[in-house]
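Notebook open, structure on screen. I'm jotting down what I look up as I go.

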Amino acid sequence: MTTGVAPSGAELLQALAAGIVSGGVEIVDLTHTLSPDFPVMVLPPEFGQCQPFRIEEVSRYDRRGPGWYWNNISMSEHAGTHFDAPAHWISGRNLPQGTVDAIPLEKLARPAVVLDFSRESAEDADFLLTRAHLEAWEDANGAIEEGAWVLFRTDWSKHLGSARYLNLREDGPHSPGPAPDAMEFLVKERAITGFGTETIGTDAGQGSHLSPPYPAHFILHGNGRYGLQCLTGLDRLPTRGAVLFAAPLKIRNGSGSPLRVFALVPRHEERTSA
Amino acid sequence: MTHPLGPPPKKDPQRVTRPPELPPVQRSRAALGLTAAAARGFFALQVCDECGTVAYPPRDACGKCLSPHLRFQPVADGGEVIAETVIRTSTDLYFRERTPWRVGMVKMDCGPSIVAHLHGDVAVPGRCRMVAKLDKGGNAVLVARPERWSEAMADDPEWRELTAHPKFRRVLVTSGREPVGQAVAAALSKAGASIVFVGIAEPWKPFAGEAQLKAIPNVQIMPLDLTDTSSVTELAGEIGGKTDIIVNTADHVRPGGVVGADSLVTAREAFEVNVFGLQRLAQAFGAGMRARGADGVNSAAAIVDVLPVQALANAPDFGFYSASAAARHSLLQCLRAEMRPGGVRVMSVFTGPVEDEWRQNVPPPKVAPAQIAKAVVTALAEGIEESFVGDIAKDVAARFAADPKVLERELGQ
């Protein structure tokens, strides 16, 4: 590469491929395994319910199919680690390209900025990320880049397998999430691509009691942005420098989909020595 | 005196499990009337419409006046045991494993003399009550039991062959999240079940009654989600070899009919729990239970399904729920035939509307969970294949027997 001249696409891809092969670029999986015992969003039972992941064996080298193994699977679009498209929420219902089949591909591979609020979330299950928190974060870490995926690290994924993951009480679930002013700031002033969380949804467990209710859903999707939830492995990402790949299934008029989310990151030693 | 049953020893893994042979199964069509009554826990014999003679054994024409108009009706069940014998050897594969076996001749107050099984506490000569029970092959047999009954008499070995008593048996109650499952678990524990496994779906969701359920003696909480094949298979892998009785209390209740239903989503959920849930249980546990139908004191004995009486006719307010119940009923009929070779009974406990949150707007009379629990224990202890809990269930059953079409029209008002 010549200094001062932007490298061509071929040069960039060649360098990336070489980095992946040589190990200079690592791939970090941010996806939970899709399994029947993965919890889904709990809604009051008078509403339609989100179907958890289910799997039925069709054959496994047996009389149902002597030479092959395969399953039928069924689930909600919003089961497991999944993607929320703008059309998922009423605020985004009239937007163009609002469903998963219509989302422009360039939106699906983007840099990621990781906001680490794991300590605050450990101290307060109802921790709300506010604009003030974001401004303080930017003072310390620099401004959030336009077009980035903002990943909200709470280490909540580590509660999976215990009741604390959903943290259901009589007054509903309790888990951290963003306040309305934080979402307004990220969407309107930082023009992010999307917001990703480790919890069951992009909103706080008690997000229905905020104004607007479910501010992450309402503001993100009302402005054509995306959501990712039930992520894991955010503790393996650098604050900056990761490239996130999050491509939902191409479901006609789909509101979202389970997906494999992964990030390309510089090799660990490179990051720690930098 | 009946010898009180002691806790069975732990299974010797080197001994061959006794195969579940059946007593003679052939019956005439006329005799199946006796079986139908026994299945519902009644004692009925044929009575001639023309001359009033009570006939036994079942036949196609009256032995006195040759009229073909014989109908099964409840008759006086008292009688005098006039003779007895004890069978000590038999060429029949079932009975040769179970001798000595007491039989006797009973002169019934209603007329006929009957050769019947004799409960160990019946004195000869002496008074007795005649009851009809289903044997391991699902056919009615007549048993003379003492006039005065005590709980301890249920331990009689002949009697225990004709029931599925929970005492010393290991029971799986499939859904402990709801009051019905919790009440059933408590009742089975009280009835002497040695272990009551209680399935809990989605254990990360708290539920009312959790602490009380865990405090019931002999209760063991197990993860079990009937909508998840792998969950059912995993539980069967853990306890399938020592599950003697299954009581399926899972029931997905939602109001709504067919045209007005908002979507197929709820209907599908209902079928996943009420129909495919039962099938998953049968597939995961059925074969193992069928193989253990004669495995001693704590042999596999029964699968009990608690289902709404709308299985017999649709109640349009809960139209899809009724449809799932009808499918469940049909599945149980199939399962009954499939489990019979193993001597494992399949019992249906039909209920009227349960007193719960989903049926608050259903007018009384409603059924309390404790009533259902009592009916489940009674069905097991008495070997009753079909029971109806609550006034509505009993009424629907009677009207179904009279004319299903009339019932359909009435429920569909």
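Which residue in strand 11 of chain B stands opposite B:Ile200? I find B:Pro223 there.

Before going on, a note to self: this is a predicted model, where local features need pLDDT of at least 70, side-chain atom pairs count only at pLDDT 80 or more, and totals for chains, interfaces and linings use all residues. Residues are numbered from 1 along each chain as its sequence is written, with chains lettered from A and ligands numbered from 1 in the order in which they are written.

Strands next. I see strand 10 (residues 195–200) and strand 11 (residues 219–223) of chain B running parallel, joined by five bridges; pairing takes at least two bridges found by DSSP. Helices and strands here are DSSP runs (H or I, at least four residues; E, at least two), numbered from the N terminus. Between these two strands of chain B the chain goes through helix 4 (residues 210–215), in a right-handed β-α-β crossover (clockwise from first strand over helix to second, strands pointing away from the viewer).

Then I checked helix packing. In chain B, helix 3 (residues 179–190) packs on helix 9 (residues 369–382) at about 45°, axes 8 Å apart. Axes are lines fitted to C-alpha atoms over the stretch in contact, and angles run from 0 to 180 degrees between N-to-C directions. The two helices of chain B are therefore oblique (not under 35 degrees, over 145 or 65 to 115).

Last, the chains. I get 12 residues of chain A in contact with 13 of chain B (C-beta atoms, placed from the backbone, within 7 Å). Strand 2 (residues 54–62) of chain A gives the largest share of chain A's side, three residues.

Methods:
Contact = placed C-beta atoms within 7 Å.
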